[in-house]
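Please look over the notes below alongside the model. They concern one helix and a set of paired strands.

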Amino acid sequence: MSPASIVLTPLACADVDDILTWVNDDAVVGNLASFAGAPLTRDDELAWIQRTLASTTDCVCSIRAADDGRYLGQIGIHQIHARSRVGRLAVVVARRAEMGRGVGSAAIRAMLDRAFAATDAGGLGLHKVWLMVFASNTRSLGIYRRLGFVDEGIMRQEYVHAGAWHDMARLSVLASEWPPPGADAR
């Protein structure tokens with residue numbers, strides 16, 4: 001899927017029912033350490049949306065198909081540190097059937113374009129975007145590396161998930177490295 005086949009729309013309270021289609025689905029969130037725990041209710045999710053909308057350190061969007069507007073997932077830059085101009089990327093493709101079709105990659109490209117664009121051009125003006133992923137999640141690691149992310153290191157036994165400690169890989173991309181050269185950049 002190309003960036004032109006998806007659109008990023010600002011997070012809205014109206015997205016709550018779409019988010020609820022995946023937020024408690026282990027098949028979708030099984031590789032996300034932040035979603036380990038008790039199931040989230042509609043009220044929980046609405047409260048999260050409202051907190052996120054009020055936040056000055058989060059920029060979250062819904063991923064939608066450009067042709068028909070159907071909901072595909074969420075993407076965001078979180079923990080934005082304004083002084084250092086860094087933020088943490090997170091992305092979720094909402095349905096297993098949409099995984100492996102380029103939705104996440106297209107959304108990441110679009111979000112990084114926004115993250116690194118100057119603030120006077122509607123961007124976030126960031127210098128660096130980083131992420132963490134389970135070190136055992138080789139599929140995601142391959143995607144992030146193909147998109148230009150560089151390994152920064154392994155955080156040993158960083159998260160407890162499903163009753164076990166897990167190492168997390170930290171990767172990042174700098175504004176000066178975006179977009180990366182090569183066919184996978186677009």
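1. Helix 4 covers residues 103–116, and its length is as expected: at 1.5 Å a residue its 14 residues should span 20 Å, and the end C-alpha atoms are 20 Å apart, which agrees. Note that this is a predicted model, so the agreement concerns computed coordinates.

2. Helix 4 is mostly covered, with eleven of its 14 residues buried. At the start of the helix the buried residues include Val103, Gly104, Ser105, Ala106, Ala107, Ile108 and Arg109. Met111, Leu112, Ala115 and Phe116 are also buried. The list therefore includes an arginine as well as residues such as leucine and phenylalanine, with buried meaning under 20% relative accessible area.

3. Strand 3 (residues 71–81) is largely enclosed by the rest of the structure, because nine of its eleven residues are buried.

4. On one side, strand 3 pairs with strand 2 (residues 59–65) in the antiparallel sense, over six bridges. Within this pairing, valine 60 is placed opposite glycine 76 of strand 3. Five residues lie between the two strands of this hairpin, and glycine 69 there has a positive phi near 75 degrees.

5. Strand 3 is also joined to strand 4 (residues 86–93), again antiparallel, by seven bridges. Here isoleucine 77 faces leucine 89 of strand 4. The hairpin has four residues between its strands, and its positive phi, near 60 degrees, belongs to arginine 85.

6. Which strands does strand 3 pair with? Strand 3 pairs with strand 2 and with strand 4.

Definitions and conventions
Residues numbered from 1 in each chain as written. Predicted model: local features only at pLDDT ≥ 70, side-chain atom pairs only at ≥ 80, totals over all residues. Heavy atoms only, no water. Expected span 1.5 Å × (residues − 1). Buried < 20%, exposed > 50% of the residue type's maximum accessible area, 1.4 Å probe, protein only. Pairing = 2+ DSSP bridges.
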